[in-house]
Amino acid sequence: MSFTSILLTLAAASVVSLLVFYYIIIGLCLRQLGSHLLRRTTPRRSLILEKLGAGDKGRIVGFFHPYCNAGGGGERVLWAAIRAVQDKHPNAMSVVYTGDQDASKEQILSRIQTRFSITLDPNRILFLYLSTRRYVAASTWPHFTLLGQSIGSLILAWDAFNLLVPDVYIDTMGYAFTLAFAKLLFDIPTGAYVHYPTISTDMLARLPSNADLRTTVKRQYWLLFAALYKRCGNYVDRVMVNSSWTAAHMRSLWRTDVTVVFPPCAVTELLREIPARTDETREKVLLCIAQFRPEKDHKLLIDAFSRFYKATTKHKDAKLVLVGSVRHSEDATRVYDLRIQAREVGIKDQVVFVTDAPWSEVLEWLGRAWVGVNAMWNEHFGIGVVEYQAAGLISVVHDSGGPKEDIVVGETGFHASTVEGFASAFEKALSLPEPEVAAMRERARKSARRFDEETFEGLWLGEFGKLMELEEKSR
């Protein structure tokens, strides 16, 4: 062996030794921090389990959901999951780590009941309020937002674990870095319910190939972040996803043993409350149920409805109704901007905005509407779309993601991806002959049964049970 080869071998061995030493030291430091937090929060833990009355069998299950009072589809999953835990695991106390400091426990539980028609046992759920939620807000990180929010989630998780260390930790909002943090600190079972991968191959593919320096730097940043995100998957014991689309991405990013657990939809209630009916009892309402977030693309819907309305001759009595929750001032500003847009394109009187509606009012709109619309590109699943189908609406959805792959299949609706495409689909949906529209409504209602709450609970409890088995083995 030459002298140069010997030097290279020694250098490589030194680098490997340093890396091993680095990871060992970091791991030991994190475990010491974890032990400190565990000791610090033990009195609170003992008090909680004493009130639960479960003795030594009591367990703390932590749900990390900083925006638990947002009232969207992700929150329906959270509350349905906790209800299932309460029904089948009497010795478990569900602890929700939330940043909704402006809402009391009573207010949150009341909103769950009115918004989702879900009733929870107040004695077996605890809300721990976090003071650092601003660190996961996109507005806090105007540059390098993905990385900034992920670092911010670690600050938020540190805040959470200073309040109480759980026996099982479940992230239900997509903060993957916190899962690795919990595992490294406490070596407890970790689970994730993933609505949408933080980064995906689709994001990288959308960057132009003939890139300038700025785009090249952005691509490298995204690749680096993707590598970090992928590594977080090594620290998750059970991975659940909400759709086939999300499953495909998470299998490429994290692992192959991903379980598709479709979100719980109020299918049974909708089939009962809104029986099959003739079109004479419906109005020409195009209904969109979606939070007023930018990715939901209400702007596209307003532009498409404007194009349709100005071109149609048969449906001048049609209206676009936008139903959704408003989480904060940014959402309220977005609704204001959408109202201005509707006025500018000349359809102010044909667009109705309904914010923070209770479930009873949502049911009323589902019973009145003719068409259900969704314009989000690569919507991870689409609970609202399932609700359209169960209520017997004709769906017009974006030609991507969960609505395309899982929900609106087998001639149960229409797909579109552009303003022109949506406008054309609106005309077609409202102009179907009566026998054809009746058949499509019936196919949609039958298809929706795949996504009922009972199916969700069965799959969720199966995965949750595996986490509890891991917790028992670790003792």
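Contact here means heavy atoms within 4.5 Å. I start with that because helix 15 will need it later, as will the other packing descriptions, and contact is the 4.5 Å criterion in each of them. What you have in front of you is a predicted model.

I will take the two sheets in turn, then the helix pairs, then one aromatic pair.

The sheet with 7 strands is open, and its strand order is 3-2-1-4-5-6-7. Pairing in this sheet is parallel. At its edges are strand 3, residues 125–129, and strand 7, residues 258–260, each of which pairs on one side only. Ignoring direction, neighbouring strands here are turned by 25° against each other on average.

For a local view of that sheet, take strand 5, residues 190–194, and strand 6, residues 238–241. They pair in the parallel sense over 4 bridges. Within that pairing, Ala192 stands opposite Val239 of strand 6.

Which strands does helix 2 touch? Helix 2, residues 73–88, packs on this sheet and touches strand 1, residues 59–64, together with strand 2, strand 3 and strand 5. The direction of helix 2 makes about 160° with that of strand 2. Helix 5 also packs on the sheet, touching strand 1, strand 4 at residues 168–171, and strand 5. Its direction makes about 170° with the direction of strand 4.

Now the other sheet. Here 6 strands form an open sheet in the order 10-9-8-11-12-13, and the pairing is again parallel. Strand 10, at 351–355, and strand 13, at 413–416, are the edge strands; each has a single partner, so one side of each is left without a neighbour in the sheet. From one strand to the next, the twist averages 20°.

Inside this sheet, strand 8, residues 285–289, and strand 11, residues 371–374, run parallel and are joined by 2 bridges. Leu286 stands opposite Val371 of strand 11. Helix 13, residues 383–390, packs on the sheet and touches strand 8, strand 11 and strand 12, the last of these at 394–398. The direction of helix 13 makes about 140° with that of strand 8.

That brings me to helix 15, residues 419–431. Helix 15 lies across strand 8, strand 11, strand 12 and strand 13. Relative to strand 12, helix 15 runs at about 170°.

On to the helix pairs. Two packed helices are described by the angle between their axes and the distance between the axes.

The axes of helix 5, residues 176–186, and helix 7, residues 213–232, are 8 Å apart, and the packing angle is about 45°. The two helices are therefore oblique to each other. Their crossing is left-handed. Helix 5 contributes Ala176, Phe177 and Ala180 to the contact, and helix 7 contributes Phe225, Leu228, Tyr229 and Cys232. By class, that contact has 7 nonpolar residues, with no polar and no charged ones.

Helix 2 comes back here with helix 3, residues 105–116. Their axes come within 11 Å and cross at roughly 110°. That angle makes helix 2 roughly perpendicular to helix 3. On the helix 2 side the contact is made by Glu75, Arg76 and Trp79, and on the helix 3 side by Ile108, Ile112 and Phe116. These residues divide into 4 nonpolar, no polar and 2 charged.

How do helix 3 and helix 12 cross, and how far apart are the axes? The axes of helix 3 and helix 12, residues 359–368, come within 6 Å and cross at roughly 15°. Helix 3 is thus roughly parallel to helix 12. Thr114, Arg115 and Phe116 of helix 3 meet Trp359, Ser360 and Val362 of helix 12. The class division for this contact is 3 nonpolar, 2 polar and 1 charged.

Last item, the aromatics. Searching the whole structure finds 23 aromatic pairs. One of them is Tyr97 with Phe161: the ring centres are 6.4 Å apart and the planes are at 85°, so this pair is edge-to-face. Tyr97 lies in strand 2, residues 92–98, and Phe161 in helix 4, residues 145–163, so the pair ties together parts that are 64 residues apart in sequence.

That is where I will stop.

Notes. Residues are numbered from 1 along each chain as its sequence is written. This is a predicted model: local features need pLDDT of at least 70, side-chain atom pairs count only at pLDDT 80 or more; totals for chains, interfaces and linings use all residues. Side-chain values use heavy atoms; hydrogens and water are left out. Axes are lines fitted to C-alpha atoms, for helices over the stretch in contact, and angles run from 0 to 180 degrees between N-to-C directions. Angles under 35 degrees count as roughly parallel, over 145 as roughly antiparallel, 65 to 115 as roughly perpendicular and the rest as oblique. A crossing is left-handed if the near helix is turned anticlockwise from the far one by less than a right angle, and right-handed if clockwise. Ala, Val, Leu, Ile, Met, Phe, Trp, Tyr, Cys and Pro count as nonpolar, Asp, Glu, Lys and Arg as charged, and the others, Gly among them, as polar. Two strands pair if DSSP finds at least two bridges between them. Rings of Phe, Tyr and Trp (its six-membered ring) pair if their centres lie within 6.5 Å; planes under 30 degrees apart count as stacked, over 60 as edge-to-face and the rest as tilted.
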